[in-house]
Each structure stands twice: as structure tokens, then as C-alpha cells.
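This report goes through the fold of one protein chain and then takes up two of its residues. Please look over the sequence and the structure before reading on.

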Amino acid sequence: YGKFSVTYPLIQRFLEIGGTIYVDRAYSGTEKGTASQPFNTVTEANDAAWNGIQIRVRTGLYPETLTFSKSLTIVADGGSVTIGQ
């Protein structure tokens, strides 16, 4: 059996994110993928994602090239989202 104080730092990110990773290209603070501290690129969200998660992307243009290789859902938040060039 392990102490929760030892385990918590290892799982904290997953608990904070829950089932949705957030992305907002205009965000410039510390990025955690949460609603209050989103990633600013879809690539970062994809890298942090696991099967079954939702990536919620704020309206805008994300000039990135990436490959999605996990089973996930991408949702446009607040309007149109363009990923790529």
C-alpha cells in the first residue's frame, strides 16, 4: 500500500484535467491543459491526451501540423477552429 501523499503528485494532473483538455491559442500563462490554464497549442494537448479524452479548442487558427493517433474527441469551443495552414 502507498501513501496518498506520494501518489497524489503523480496523478494530480489527471485529476485536474478530468475528461477534457483545454486549448486556447491566446493563453500565455502556465499551461496545464485545464479550463483555467489551457495549453496554447493543439499539439501540446494531443501529446498530453489519452484514449477517450476530449480536447476542447477555443475559436481561432492553429497553424500546426500534427497526427492524432489516439481515440479522442475534438470540440470547437465558441466558433470555428482551423488546425493546419
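How far apart are the mean positions of the 7 positive and 7 negative charges of the protein chain? The two mean positions lie 6 Å apart. This value, like those below, comes from a predicted model.

**Overall fold**

The protein chain holds 2 helices and 3 strands. Along the sequence these elements follow the pattern α-β-α-β-β. Measured out along the principal axes, the C-alpha atoms fill a box of roughly 50 × 25 × 20 Å. The protein chain has 85 residues, of which 24% count as buried. The area it exposes is about 5400 Å², and carbon and sulfur atoms supply 51% of that area. Taking contacts between residues at least 6 apart in sequence, 27% join residues at least 24 apart.

**The β-α-β unit**

Strand β1, helix α2 and strand β2 form a right-handed β-α-β unit. Helix α2 covers residues 42–48. Strands β1 (residues 20–23) and β2 (residues 54–62) run parallel and are joined by 4 bridges. One residue of β1 is T20, and its bridge partner in β2 is Q54.

**Two residues**

T20 and R13 sit in separate elements: T20 is in strand β1, while R13 lies in helix α1. The table lists their relative accessibility and the class that follows from it.

| Residue | Relative accessibility | Class |
|---|---|---|
| T20 | 15% | buried |
| R13 | 38% | partly exposed |

Why does T20 count as buried? Its relative accessibility is 15%, and the cut-off for buried is under 20%, so T20 counts as buried. R13, at 38%, is partly exposed, because that class takes in values between the 20% limit for buried and the 50% limit for exposed.

Leaving aside residues up to four places away in sequence, T20 touches G33, I53, Q54 and R56. Among these, Q54 is also the bridge partner of T20 in β2. With the same sequence neighbours left aside, R13 in helix α1 (residues 4–17) touches K32, F39 and A48. Of these, A48 falls within the range of helix α2, residues 42–48.

Where does E31 stand relative to R13? The two are 18 residues apart in sequence, and their C-alpha atoms are 11 Å apart in space.

How values were computed:
Residues are numbered from 1 along each chain as its sequence is written. This is a predicted model: local features need pLDDT of at least 70, side-chain atom pairs count only at pLDDT 80 or more; totals for chains, interfaces and linings use all residues. Side-chain values use heavy atoms; hydrogens and water are left out. Buried means under 20% relative accessible area, exposed over 50%, partly exposed in between (1.4 Å probe, protein chains only). Contact means heavy atoms within 4.5 Å. Two strands pair if DSSP finds at least two bridges between them. A crossover is right-handed if, with the strands pointing away from the viewer, the path from the first strand over the helix to the second runs clockwise. Accessible areas come from the Shrake-Rupley method with a 1.4 Å probe; for residues, only the protein chains shown count as cover. Lys and Arg count as positive and Asp and Glu as negative; His and the chain ends are not counted. The place of a charge is taken as NZ of Lys, CZ of Arg, CG of Asp or CD of Glu.
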